[in-house]
Amino acid sequence: MQQSVVPELAHTQTSPIQWVATATAIAGVVALSSLVQPDPATAAQSGKGPSAAAAPAAPAKAPDPAGVDYPIDCGPVKVLVQKKASGDLDGDGRPETVAVVRCDAGSGTPPNGVYVLTQAEEARRPRIVATLIDPKDRLSVTDFAVRDGDVTATLLGYSSADVPSCCPDLRQTAKWQWKNGAFIRSTPPEARGA
């Protein structure tokens, strides 16, 4: 065995005090690491293909009724969206928006139109897919709601053309449900007895 020409250095030989200091330092790091924890990890596989984990899709946004070209003739005044409600009406997992619109007239009771809007993910603007109430029917909509895939509304109308548009004299409740590819209108059971 060959002898080193370099003299033994003091730090290459351990003493009991060095072992105690090292053990104390390690214990301190272990204790501190139990107090400081990282955020929970989430597993995700990268890459594409059948083995890649699918990230949960963000919930689809309901279509915004602003800026839609409604089939209502308002002449020189603008179309006013009076009410809106959203929900998944056809069971496809994407929300639709139902908009109650009328002309923004300064007086009188302009009739409402009720339209169902949808919007594909890649589309820039929503589109009308159904007309529940046509403004030509001369109806006003109150107590409007979308719940559990149903659209409900109270409709105010006129018994004849002689009734002034300021003063509807008929009241009915309507409910629409998506069935077999179309919106079917019915009268809710609680409204039949009234």
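Author: A disulfide is here a pair of cysteine sulfur atoms within 2.5 Å. The model discussed below is predicted.

Reader: How many helices and strands are in the chain, and what pattern do they follow along the sequence?

Author: The chain contains two helices and eight strands. Read in sequence order, these elements give the pattern α-β-β-β-β-β-β-β-β-α.

Reader: What share of the residues of the chain counts as buried?

Author: A residue is buried when its relative accessible area is under 20%. Applied to the 194 residues of the chain, this gives a buried share of 26%.

Reader: How many disulfides does a search of the whole structure find, and what is the pairing of the bonded cysteines in sequence order?

Author: The search of the whole structure finds two disulfides. One joins Cys74 to Cys103, and another joins Cys166 to Cys167. With the bonded cysteines numbered in sequence order, the pairing is 1-2, 3-4.

Reader: How many residues apart are Cys74 and Cys103, the pair that links distant parts of the chain?

Author: The sulfur atoms of Cys74 and Cys103 are 2.1 Å apart. Cys74 lies in the loop between α1 (16-35) and β1, whereas Cys103 belongs to strand β2. The pair thus links distant parts of the chain, with a separation in sequence of 29 residues.

Reader: Is the link of Cys74 and Cys103 left-handed or right-handed?

Author: Both Cys74 and Cys103 are buried. The angle about their S-S bond is -90°, and the link is left-handed.

Reader: What is the torsion about the S-S bond of Cys166 and Cys167, and is the disulfide left-handed or right-handed?

Author: The S to S distance of Cys166 and Cys167 is 2.5 Å. The torsion about their S-S bond is about -70°, so this disulfide is left-handed.

Reader: Why is Cys166 classed as partly exposed, and what is its relative accessible area?

Author: Partly exposed residues fall between the buried limit of under 20% and the exposed limit of over 50%. Cys166 is partly exposed because its relative accessible area lies in that range. Its bonded partner Cys167 is also partly exposed, at 40%. For Cys166 the value is 48%.

Reader: Which strands stand at the edges of the open sheet of four strands, and why is one side of each left without a neighbour?

Author: The strand order in this open sheet is β1-β2-β3-β4, and the pairing is antiparallel. Two of these strands have a single partner strand each, so one side of each lacks a neighbour in the sheet. These edge strands are β1 (79-87) and β4 (127-133).

Reader: By what angle are neighbouring strands of this sheet turned against each other on average?

Author: Within the order β1-β2-β3-β4, neighbours pair in the antiparallel sense. With direction ignored, the average turn between neighbouring strands is 25°.

Reader: Which residue in β3 is the bridge partner of Val98?

Author: Strands β2 and β3 (residues 113-118) run antiparallel and are joined by five bridges. In β3, the residue bridged to Val98 is Val116.

Reader: Arg102 has no salt bridge; which side chain of opposite charge is nearest to Arg102?

Author: Arg102 lies in strand β2 (residues 96-103) and is buried. A salt bridge requires a side-chain nitrogen of Lys or Arg within 4 Å of a carboxyl oxygen of Asp or Glu. The nearest side chain of opposite charge is 4.8 Å away, so this limit is not met. That side chain belongs to Asp104.

Reader: What is the C-alpha to C-alpha distance of Pro111 and Gly157?

Author: Pro111 lies in the loop between β2 and β3 and is partly exposed, with a relative accessible area of 27%. Beyond four places in sequence, Pro111 touches Val101, Arg102, Pro135, Arg138 and Leu139. Pro111 and Gly157 are 46 residues apart in sequence, and their C-alpha to C-alpha distance is 9.0 Å.

Reader: Which residue in the hairpin of β5 and β6 takes a positive phi?

Author: Six bridges join strand β5 (residues 140-147) to β6 in the antiparallel sense, and Val146 stands opposite Val151. The hairpin has two residues between the strands. A positive phi near 50° is taken by Asp148.

Reader: Which residue in β7 is the bridge partner of Thr154?

Author: Strand β6 (residues 150-157) is mostly covered, with six of its eight residues buried. β6 pairs with strand β7 (residues 170-179) over eight bridges, in the antiparallel sense. The bridge partner of Thr154 in β7 is Thr173.

Technical notes: Residues numbered from 1 in each chain as written. Predicted model: local features only at pLDDT ≥ 70, side-chain atom pairs only at ≥ 80, totals over all residues. Heavy atoms only, no water. Buried < 20%, exposed > 50% of the residue type's maximum accessible area, 1.4 Å probe, protein only. Lys, Arg positive; Asp, Glu negative; His and termini not counted. Pairing = 2+ DSSP bridges. Axes fitted to C-alpha atoms, helices over the stretch in contact; angles between N-to-C directions. Contact = heavy atoms within 4.5 Å.
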